[in-house]
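Morning, everyone. I have one model to walk through, so let's put it up.

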Amino acid sequence: MNILISRHDKIGDFVVTLPMFKVLKEQRPELKLIALVSKINYDFAKNIDFIDDVILYDKNNLSKTLEDIKDAKIDTSISAFIDTNLGKLLFKSNIKKRIAPATKLAQFFFNKRVKQRRSRVEKKEFEYNLDLLKAFDESISLSYSYPLLEFSAFESNRIFNEFKREHKIVEKNRLVAFHPGSGGSTDGNLILEDYLKLAKKVSKIDDIEVIFTFGPDDLKLKEELEKKVDFDAVIYESKGALIDFCKLLSFFELFVSTSTGPMHLASCSNIKTVSFFGEKLVSTPKRWASISQEKFQNNFIVHENYTNELYQEIEDRVLEVLKIDEK
C-alpha cells in the first residue's frame with residue numbers, strides 16, 4: 001500500500017510531520033511512505049531512512065507534480081497542511097482516500113476530514129499531525145522512538161571531524177551553538193546584543209566552545225555579529241545539505257535559538273535546546289514546541305520589549321543546563 005504524506009511549506013513545518021512517517025514505518029513497515037514536499041525540503045526528505053520516496057511539490061509546475069503523484073499510484077494521502085492548490089492536486093490524482101484537517105475551503109477536496117481546530121492550540125503542531133494517522137488506522141500508537149533521526153556513525157563522524165579540523169575545535173570540549181537569526185519566521189527572539197552577552201558568558205566555561213550558526217537568510221546579521229564579537233567563537237555559515245547540518249548538530253551539547261527551522265532540525269537529534277517563542281498563542285511552545293523529548297527543551301516566551309529580568313532568567317537557565325552535565 002502506498003501512502004502519501006504531504007507538508008509543502010517551510011523546514012520547521014516539515015520537521016514536525018516527521019513523527020508521522022516514523023510512527024507508520026515502525027508499526028506498519030509494509031507500507032511504502034512517500035513524502036510530498038517543497039523544494040527546500042526535497043533533498044532532506046530523500047535522506048531520511050523511514051521515508052521511501054519523495055515527490056517535489058513544484059509550485060511553478062503543478063502539472064508535473066500532478067503527473068508524479070499519479071505515477072506513484074497512491075492509495076491514501078494524509079495532509080498535515082492544506083490549501084486549495086494542494087486539494088485540487090490530490091483530488092485530480094484520483095486518490096481513493098484523502099485525509100486532511102477540516103479547515104479552510106480546501107477541506108472539500110478531501111473525503112476524510114478530521115476536526116481539529118488548531119487555532120485553539122489545545123495540542124502541539126506535531127501532535128495534531130499525529131492525530132491524523134488515527135483516521136488511517138485507529139489501532140496505531142502515536143508514540144515514537146528518540147532520537148527521531150539516527151545517522152550512520154561513519155558519515156556523522158566524517159562531517160564532525162571536518163568541522164573540528166576546519167575550526168580548530170579542542171577535542172574534548174563541549175559545543176554550544178547560538179543561532180541568532182530567524183529567517184523572518186518568528187516574532188519572539190533575543191536582540192543580537194543579548195545573544196553576544198549570553199554567548200560571552202558561556203565562553204568563559206573552561207570546556208565549552210561557542211559556535212554561532214547562520215543560514216542563507218541571515219547573512220547581514222552574520223556580518224553585523226562579526227563586527228561586534230570580542231571573544232573566541234566559531235562563526236559558521238551552513239551552506240550544505242540540511243541532513244548534514246542535522247548530523248553536525250547531533251554532536252552539540254546545546255542549541256540556543258528562536259523558534260525556527262534550525263531549532264526543529266536540532267530537535268531531530270534530541271539534543272538540549274533553549275528556544276524563544278512569540279507571545280501570540282499560535283506562536284507559543286503550546287503550539288510549536290519541538291519533537292524532541294520535553295526534558296531536553298527549555299522554552300521561553302520572549303515579548304518584543306522583553307525585560308532584563310527575562311534575559312537573566314534565560315542566562316541562568318543556560319548556565320544551569322550546562323552545569324548539570326559537569327557533575
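How much area does the protein expose, and what share of it do carbon and sulfur atoms supply? About 15600 Å² is exposed, and carbon and sulfur atoms supply 47% of that. Keep in mind that this is a predicted model.

Overall build next. The protein has 13 helices and twelve strands. Its radius of gyration is 21 Å, close to the 20 Å that the globule rule gives for 327 residues, so the protein is as compact as a globular protein of that length. The C-alpha trace spans about 60 × 45 × 40 Å along its principal axes. Of the 327 residues, 55% count as buried.

Now contacts. Take those between residues at least 6 apart in sequence. Of these, 61% join residues at least 24 apart.

On to charge. There are 51 positive and 51 negative charges. Their mean positions lie 6 Å apart. As a reminder, side chains of opposite charge can pair when their charged atoms come close. How many salt bridges does the structure hold? The count is 23.

I'll go through a few. Start in helix α7, which covers residues 153-167. Glu162 and Arg158 form a salt bridge there, 2.9 Å from N to O. The two are four residues apart in the helix, which means about one helical turn separates them. Glu162 is partly exposed, at 38% relative accessibility. Arg158 is partly exposed too, at 32%.

Helix α9, residues 219-228, holds another pair with that spacing: Lys222 and Glu226 are four residues apart, about one helical turn. Their closest N and O atoms are 3.1 Å apart, in a salt bridge. Is Lys222 buried or exposed? Lys222 is buried, at 15% relative accessibility. Its partner Glu226 is partly exposed, with a relative accessible area of 37%.

Then there is Lys164 with Glu171. Their salt bridge has its closest N and O atoms 2.8 Å apart. Lys164 counts as buried, at 11% relative accessibility. Glu171 is exposed, at 58%. The cut-offs are under 20% for buried and over 50% for exposed, so Lys164 and Glu171 fall in opposite classes.

Some of the charged residues form a network. Which residues does it link? Salt bridges join Arg7, Asp9, Asp13, Arg118, Glu125 and Arg287.

Two of those names come back at Ser38. This residue sits in the loop between β2 (32-37) and α3 (39-46). Ser38 is buried, with a relative accessible area of 11%. What does Ser38 contact, leaving aside neighbours within four places in sequence? The partners are Arg7, His8, Asp9, Leu56 and Tyr57. Arg7 and Asp9 are also members of the salt-bridge network.

Last stop, Asn189. Look in the loop between β7 (174-179) and α8 (192-203). Not counting residues up to four places away in sequence, Asn189 touches Pro180, Gly181, Ser182, Tyr195, Thr258, Phe276, Val302 and Tyr306. Tyr195 falls within the α8 range. How far is the C-alpha of Asn189 from that of Lys204? The separation is 23 Å, with the two positions 15 residues apart along the chain count.

To recap: 23 salt bridges, two loop residues, Ser38 and Asn189, and a predicted model throughout. Thanks.

How values were computed. Residues numbered from 1 in each chain as written. Predicted model: local features only at pLDDT ≥ 70, side-chain atom pairs only at ≥ 80, totals over all residues. Heavy atoms only, no water. Salt bridge = Lys/Arg side-chain N within 4 Å of Asp/Glu carboxyl O. Buried < 20%, exposed > 50% of the residue type's maximum accessible area, 1.4 Å probe, protein only. Rg over C-alpha atoms; globule rule 2.2 N^0.38 Å. Contact = heavy atoms within 4.5 Å. Areas by Shrake-Rupley, 256 points an atom, 1.4 Å probe, with all protein chains shown as cover. Lys, Arg positive; Asp, Glu negative; His and termini not counted. Charge placed at Lys NZ, Arg CZ, Asp CG, Glu CD.
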